[in-house]
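Biologist: Could you walk me through this one? I would like to hear the reasoning behind each label.

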Amino acid sequence: MKKKLLLVLMITVLLCLTGCSSDKKAAFEYDKDTMIDMAMNVASQYKDVSDAQAEYLLSEGNNVDKTAIAGFKQADTSDHVGNFIAFDSRERAEFAEGAHDNILCSVYLKYENRDVKVQVSFVKNKLYDVYADNVKTQLHQDAVNNGYEDDLKFLQDNYQNLGLAEAPESVDKFLITYLGYNGQQPYTADECEISAVYSRQELLARAGKHTAIGMITVFCVLIFIALIISLLKFVPMILGINKKKEPAKAAEVKKPVAAVPAKVETKEENLVDDSELVAVITAAIYAYEGSCNNNYTTDSKDKLVVRSIRRVR
C-alpha cells in the first residue's frame, strides 16, 4: 500500500512540474505583428547587400550586421538558394523564448531553389518605455483639451491630423507607429541566424553522405597506419643497423677455440716419464719428513718411493 501511495505522489509531482514548465512566463510582453514586421525589416536590410557593404559590415558592424551578412552569404555560396522571390506568409512565422531573456522570431523567405529561415533575437528596449510614457502623457493632455475622455477615440477621429495613414486599433499600436517614425522600436535585435530549409529526404541524404565520407576517411587512415607498421622491419636495413651481426659471427668462430683448452684440461696427464719432476717431489717429501723428526738428515725410515703423479679430477 505504501509503495502504491509513493508511486501516486511521484506521478503527481511530475505532472505539476510539467504544468509549471508549460506555463512559463515569457521574458517580456510583445506584440507578434510588430515583431514579425521588425524581423522582415532585418531580412530586407541584409539580403541584398553589395560586396563592399558586406565587407565593411563584417569588419565594423555590430553583432546583428555580422551574423546576418555571414548567414546570407553562406546561404548563397554553400546552400545555393538562388535568387530571392518573396517573403512567405506571416502565418508561418514562429516564436520561441531564448535563454537570455530574449524572444526568437523566425520568418521565412522564398528563393528559387529552397526557402530560407531568418531567425532574429529580440530583447526589450527599455528606453522605448520612457518615450512611450512621455507620448502617452502628451496624448492624454491633447485629448482632454479637445474634449475627449477616451484617448483612443481622440486618435481615431484625428489620425489624419496626426499624420497617420489609417486609424490605429489601439493606443499601443499608435505608440509603436509614432515612435518607429522617430527611430524608437519596442524591441532591439541583438543577433540574427540565417539557415536554408532542407526537406527530410535531403537531410537524410546529407547525413548518409557525411557518414560515408567519415568511414572512408577512418579506414584509409587505418590502412595507412598498417602499411607504416609493416614497413618498420626495413628500417634497420635502411639505417645500417645490420652491422651488428658481424660480432655475432666472430663469437661463433671463437667458440671452438675456447672449447679446445677445456678438452685438453680433461685429459689425464701421465707424469711417469718426467723423471726430473719425480726427483724434485721425492726430495721434497724426504726433507719434510726429516724436519718433522727434528733430524737434519734426509734419510727416511719408510721405504717410500714415488713412482708417478696423477692429477685428481
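Modeller: Gladly, and keep in mind that this is a predicted model. Let's begin with Gln-74, which lies in helix 4, spanning residues 63-77.

Biologist: What makes Gln-74 count as partly exposed?

Modeller: Its relative accessibility is 46%. Buried needs a value under 20% and exposed one over 50%, so Gln-74 falls in between and is partly exposed.

Biologist: Which residue is separated from Gln-74 by 8.4 Å, C-alpha to C-alpha?

Modeller: That is Ser-195, 121 residues apart from Gln-74 along the chain.

Biologist: Let's stay with helix 4. Why is helix 2 called roughly perpendicular to helix 4?

Modeller: Helix 2, residues 32-46, packs against helix 4 at an angle of about 65 degrees, and the axes are 10 Å apart. The range for roughly perpendicular is 65 to 115 degrees, so helix 2 gets that label relative to helix 4. The crossing of these two helices is right-handed.

Biologist: Which residues meet there?

Modeller: Helix 2 brings Val-42, Ala-43 and Tyr-46, and helix 4 brings Val-64, Asp-65, Ala-68, Ile-69 and Phe-72. By class, the contact of helix 2 with helix 4 has seven nonpolar residues, no polar ones and one charged. Asp counts as charged, so Asp-65 is the charged residue here.

Biologist: And why are helix 3 and helix 4 called oblique?

Modeller: Helix 3, residues 51-60, packs on helix 4 at about 135 degrees, with axes 8 Å apart. Roughly perpendicular stops at 115 degrees and roughly antiparallel needs over 145, so helix 3 and helix 4 are oblique to each other. Helix 3 passes helix 4 in a left-handed crossing.

Biologist: What makes up that contact?

Modeller: From helix 3 come Ala-54, Leu-57, Leu-58 and Ser-59, meeting Asp-65, Lys-66, Ile-69 and Ala-70 in helix 4. These residues of helix 3 and helix 4 divide into five nonpolar, one polar and two charged.

Biologist: How do you know whether helix 5 and helix 7 are roughly perpendicular or roughly parallel?

Modeller: Helix 5 (residues 126-145) and helix 7 (residues 171-181) pack at about 115 degrees, and their axes are 10 Å apart. Roughly parallel needs an angle under 35 degrees, while 65 to 115 counts as roughly perpendicular. Helix 5 and helix 7 are therefore roughly perpendicular. Their crossing is right-handed.

The helix 5 side of this contact includes Tyr-128, Tyr-131 and Lys-136, and the helix 7 side includes Asp-172, Phe-174 and Leu-179. By class, the contact of helix 5 with helix 7 comes to 11 nonpolar, no polar and two charged residues.

Biologist: Now Ser-121 in strand 4, residues 115-124. Why is Ser-121 called buried or exposed?

Modeller: The relative accessible area of Ser-121 is 4%. The cut-off for buried is under 20%, so Ser-121 is buried.

Biologist: What makes the pairing of Ser-121 and Asp-190 a polar contact?

Modeller: The two side chains come to 2.8 Å, and the limit for such a pair of N or O atoms is 3.5 Å. Leaving out residues up to four places away in sequence, Ser-121 also touches others, including Asn-102, Leu-104 and Thr-188.

Biologist: And how much of the whole chain is buried?

Modeller: Buried residues make up 23% of its 313 residues. The chain's secondary structure comes to 11 helices and five strands.

How values were computed:
Residues are numbered from 1 along each chain as its sequence is written. This is a predicted model: local features need pLDDT of at least 70, side-chain atom pairs count only at pLDDT 80 or more; totals for chains, interfaces and linings use all residues. Side-chain values use heavy atoms; hydrogens and water are left out. Helices (H or I, at least four residues) and strands (E, at least two) are DSSP runs, numbered from the N terminus. Buried means under 20% relative accessible area, exposed over 50%, partly exposed in between (1.4 Å probe, protein chains only). A polar contact is a pair of N or O atoms within 3.5 Å; within protein, one must be able to donate a hydrogen and the other to accept it, and residues adjacent in sequence count only if both atoms are side-chain atoms. Contact means heavy atoms within 4.5 Å. Axes are lines fitted to C-alpha atoms, for helices over the stretch in contact, and angles run from 0 to 180 degrees between N-to-C directions. A crossing is left-handed if the near helix is turned anticlockwise from the far one by less than a right angle, and right-handed if clockwise.
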